[in-house]
Amino acid sequence: TSFDAMTKLTKWLRSYKKENFSLEAQIIKKDDVVFEGHFLTTKALCGVLFVYFDRTYGHFITVIYEKGEYIYCFDPYLRVEKRSKNKEWEWLNPHKFNGCNLRIKRDYINEFKSHEAFRAGKLSERYFILIRRCKK
């Protein structure tokens with residue numbers, strides 16, 4: 001999982017626009033990836049965010065929507081009920097939360113500490129693909 005992978009995914013998503021799909025993908029990186037206010041715009045479908053899984057490994061999660069102090073996501077690796085000690089993040093039943101199986105507190109994901117589970121990491125390491133609807 002790297003910036004190169006994010007670039008390839010973005011190019012692949014953009015190729016769908018050529019096939020008459022009305023979507024656009026944009027890479028947002030580094031200090032522009034801060035979940036404050038409403039990071040996802042009303043035209044956004046979702047986003048793909050690189051987060052750390054533990055102190056050594058990271059992976060991509062899909063950011064579906066924001067509500068209150070939480071960001072609601074889908075993590076393909078999170079399959080069992082699990083939560084952090086202070087409930088900074090927790091597993092959700094995807095049937096009850098529009099397909100989301102993870103919610104993360106904004107303050108937690110935005111902290112500039114690195115390499116803790118479900119944090120976006122240091123500003124210099126952050127990558128996010130914003131997927132939006134666009135006109136055909």
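Student: What share of the 136 residues in the protein chain do buried residues make up?
Tutor: Buried residues make up 39% of the chain, where buried means under 20% relative accessible area, exposed over 50%, and partly exposed in between (1.4 Å probe, protein chains only). This is a predicted model, in which local features need pLDDT of at least 70 and side-chain atom pairs count only at pLDDT 80 or more, whereas totals for chains, interfaces and linings use all residues. Residues are numbered from 1 along each chain as its sequence is written, and side-chain values use heavy atoms, with hydrogens and water left out.

Student: What makes tyrosine 57 count as exposed?
Tutor: Its relative accessibility is 57%, which lies over the limit of 50%, so tyrosine 57 is exposed. Tyrosine 57 is found in the loop between strand 2 (44-52) and strand 3 (58-67), strands being DSSP runs of E with at least two residues, numbered from the N terminus.

Student: Why are strand 4 and strand 6 called paired?
Tutor: Two strands pair if DSSP finds at least two bridges between them; four bridges join strand 4 (residues 70-74) to strand 6 (residues 102-105), so the criterion is met. These two strands run antiparallel, and tyrosine 70 stands opposite lysine 105 in strand 6.

Student: How many bridges support the pairing of strand 5 with strand 6?
Tutor: Strand 5 (residues 89-91) is joined to strand 6 over three bridges, again in the antiparallel sense, and tryptophan 89 has isoleucine 104 in strand 6 as its bridge partner.
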